[in-house]
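Q: I have a structure open in front of me and would like to learn how to read it. Could you take me through it feature by feature?

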Amino acid sequence: MFHQVEFANWSVVVTVIAFAVSFCIFLTVVVGAIRCSNEKVRHLAQLPLEEEKRS
């Protein structure tokens, strides 16, 4: 009555590649944030989140 879903062999490869790419991007962002200087962090903390309305 019920059939088990069978995936093709290449679907495992696609899943592993997608995870690897996502992990590399995440790791690059984390390493970049850790290596950021304190001066740059203070500067970025002072930036406004929205533009001021000019009327």
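Q: Let's begin with a cysteine. Is Cys24 buried, partly exposed or exposed?

A: Happy to help, and please keep in mind that this is a predicted model. Residues between 20% and 50% relative accessible area count as partly exposed. Cys24 has a value of 46%, so Cys24 is partly exposed. Cys36 is also partly exposed, at 25% relative accessibility.

Q: How many disulfides does the structure hold?

A: A disulfide covalently joins the sulfur atoms of two cysteines. Here the count is 0.

Q: And aromatic rings: how many aromatic pairs turn up in the whole structure?

A: The general idea is to describe two aromatic rings by how far apart their centres are and by the angle of their planes. In this model, the search finds 1 aromatic pair. The partners are Phe19 and Phe23, with ring centres 6.2 Å apart and planes at 15°, so they are stacked.

Q: Where do Phe19 and Phe23 sit along the chain?

A: Both belong to helix H1, which covers residues 9-35. Phe19 and Phe23 are 4 residues apart there, so about one helical turn separates them.

Q: Are those two rings' residues, Phe19 and Phe23, buried, partly exposed or exposed?

A: Phe19 is exposed, with 60% relative accessibility. Phe23, at 42%, is partly exposed.

Q: Stepping back, how many helices and strands does the protein chain have?

A: The protein chain has 2 helices and 0 strands. Its radius of gyration is 22 Å, well over the 10 Å that the globule rule gives for 55 residues, so the chain is more spread out than a compact globule. The C-alpha trace spans about 65 × 35 × 15 Å along its principal axes.

Q: What share of the residues is buried, and how much surface is exposed?

A: Buried residues account for 2% of the 55 residues. The protein chain exposes about 6,200 Å², with carbon and sulfur atoms supplying 64% of that area.

Technical notes
Residues are numbered from 1 along each chain as its sequence is written. This is a predicted model: local features need pLDDT of at least 70, side-chain atom pairs count only at pLDDT 80 or more; totals for chains, interfaces and linings use all residues. Side-chain values use heavy atoms; hydrogens and water are left out. A disulfide is a pair of cysteine sulfur atoms within 2.5 Å. Buried means under 20% relative accessible area, exposed over 50%, partly exposed in between (1.4 Å probe, protein chains only). Rings of Phe, Tyr and Trp (its six-membered ring) pair if their centres lie within 6.5 Å; planes under 30 degrees apart count as stacked, over 60 as edge-to-face and the rest as tilted. The radius of gyration is taken over C-alpha atoms; the globule rule is 2.2 Å times the number of residues to the power 0.38. Accessible areas come from the Shrake-Rupley method with a 1.4 Å probe; for residues, only the protein chains shown count as cover.
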